[in-house]
Each structure stands twice: as C-alpha cells, then as structure tokens.
Amino acid sequence: MRIGFDRRKARALHPRDSLVELMMAPTPDLSGTLKFELSSGTITLDAEQRVLLFPAELLAPLSATEAGLASLRSFGVSLGAAARSMGAASPEEAVTSLSAQLARAGFGRIGLERWGALLAVRFAGAPDTLTQEAQVAFLEGLMNGISERESALYYVEDRFLVLDPSVAAALRERGARGEFQRLSEVIAALVQRKDGRIS
C-alpha cells in the first residue's frame with residue numbers, strides 16, 4: 001500500500017527530529033461580520049450570506065450516525081473548496097484562509113505540521129460534542145476540498161496524519177490490534193520499507 005507522500009524526499013524517522021510547524025496568519029478582526037436583524041429574525045455573514053446560530057449540543061447526533069458523519073465531511077469539503085477558490089497556492093495557504101471561517105463558525109482553529117513530505121493537521125478548540133471520529137470526517141473533508149485529491153486521516157497523539165486512503169485503512173487495522181500506541185511507532189511503520197509500502 002502506498003503511504004501517501006513522496007518517499008524520494010528526505011525526512012526524519014521521528015517528527016521531533018524534523019518538525020516544521022506552519023503557523024497560521026494572525027486572525028483578522030471579525031467584529032461586524034455578523035449582522036443581527038431582530039425585526040426580521042435573520043442573521044447575515046458579511047452582509048450577504050444568511051446563517052443560523054444553534055447550540056453545539058445539536059452536533060452530537062451528527063457524530064453518532066454514518067449520515068451525520070457524511071454531512072460533516074461534505075461541510076468540510078465545501079469549506080476547503082471555498083478556500084481553494086480564493087487563489088491559495090498551497091494547502092498551507094488554503095488552511096490559513098480557513099482560519100477566520102472556522103473561528104466565525106465556532107469550530108475552533110486548525111494548523112499544519114510538516115515532517116519532510118508528511119503532513120499532519122492539528123485541531124484546537126473543536127466543540128466538545130464532536131467525537132474524534134466526527135473530527136476525522138470533518139477534517140478529511142477540509143483536506144479533500146483544499147487539495148481536490150482523495151485522502152484520509154489517521155489520528156494519533158493529537159495529530160491527524162494526511163495519508164492515502166488505503167494506507168490510513170491499513171494503519172487503522174493495525175491500530176485496532178494494538179500495534180500502535182505512539183506517533184513514533186506510526187512514523188516508523190510508514191518509513192520501514194524503501195518501496196513505499198507498509199506490511
């Protein structure tokens with residue numbers, strides 16, 4: 001199975017040996033972006049898009065069903081595609097442009113880390129009602145929307161590794177058997193074979 005990144009590029013066996021954290025641009029001033037029209041009972045974003053406000057607890061059912069996870073993934077795809085359409089030249093720039101959108105929606109903040117050719121996503125401030133599985137679905141959608149390529153995420157030690165779907169599935173299988181407990185073990189599995197495959 002392909003591991004989902006270019007093995008010809010040099011990288012360290014452990015992320016701490018070669019970590020580049022891609023910091024997001026400072027969040028812009030968002031005051032005034034939401035306009036409340038109490039007379040009509042509407043809320044608009046940037047004076048053009050109508051939005052709804054609801055308690056974070058309403059996200060809980062989305063985390064519990066396949067249909068709900070698919071909806072979160074679709075939402076992520078639409079946000080990622082919108083960021084890409086703003087002219088971002090790389091995943092890093094697209095994620096930076098997403099920061100304000102996620103903050104306005106109350107979904108938290110994301111950042112990227114790169115170790116050689118391997119990309120990892122950090123997700124901070126997500127609503128408590130979003131389970132780990134729901135966060136994976138949402139972030140997979142974001143990354144797929146940004147890159148226009150099918151990828152899957154594997155969660156380990158507060159990071160979501162962006163991988164080829166078949167590789168992520170293989171890692172989940174092995175993780176379910178208790179083979180992986182730490183990030184360094186996952187990285188070692190990804191780089192153990194020169195042909196770019198894991199056993």
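Helices and strands are runs of residues assigned by DSSP, at least four residues long for a helix and at least two for a strand, and they are numbered from the N terminus. With these labels in hand, we can walk through this structure, which is a predicted model.

We begin with the largest pocket, whose volume is about 690 Å³. Of the 24 residues that line this pocket, Val-51, Leu-52, Phe-75, Ala-105 and Phe-107 are the closest to its centre. At least two lining residues come from each of strand E4 (49-51), helix H2 (66-85) and helix H3 (91-105), and H2 gives the most, with five residues. Sorted by class, the lining of the largest pocket holds 18 nonpolar residues, together with four polar and two charged ones.

From the pocket we turn to the largest nonpolar core, which has 26 residues, and in which Ile-110, Val-121, Phe-138, Leu-139 and Leu-142 touch the most other members. This core draws at least two residues from each of H2, H3, strand E5 (109-115), strand E6 (118-124), H4 and strand E8 (159-163), while H4 gives the most, with eight residues. Another core, of 17 residues, lies apart from it, and among its members are Leu-118, Leu-161, Val-186 and Leu-190.

Helix H4 deserves a further look. Of the 16 residues in H4, 13 are buried, so the helix is mostly covered, where buried means under 20% relative accessible area. The 16 residues of H4 (residues 132-147) should span 22 Å at 1.5 Å a residue, and because the end C-alpha atoms are 22 Å apart, the model agrees with this expectation. After H4 comes Glu-148, whose phi is positive, near 60°.

How values were computed
Residues numbered from 1 in each chain as written. Predicted model: local features only at pLDDT ≥ 70, side-chain atom pairs only at ≥ 80, totals over all residues. Heavy atoms only, no water. 1 Å grid on protein atoms, 1.4 Å probe; cavity = no way out; pocket = protein on both sides within 12 Å on 5 of 7 lines; lining within 4 Å. Points joined across faces, edges and corners; volume = space filled by probe spheres on them. Nonpolar A, V, L, I, M, F, W, Y, C, P; charged D, E, K, R; others polar. Expected span 1.5 Å × (residues − 1). Buried < 20%, exposed > 50% of the residue type's maximum accessible area, 1.4 Å probe, protein only. Core = buried A, V, L, I, M, F, W, Y, C linked by side-chain atoms within 4.5 Å.
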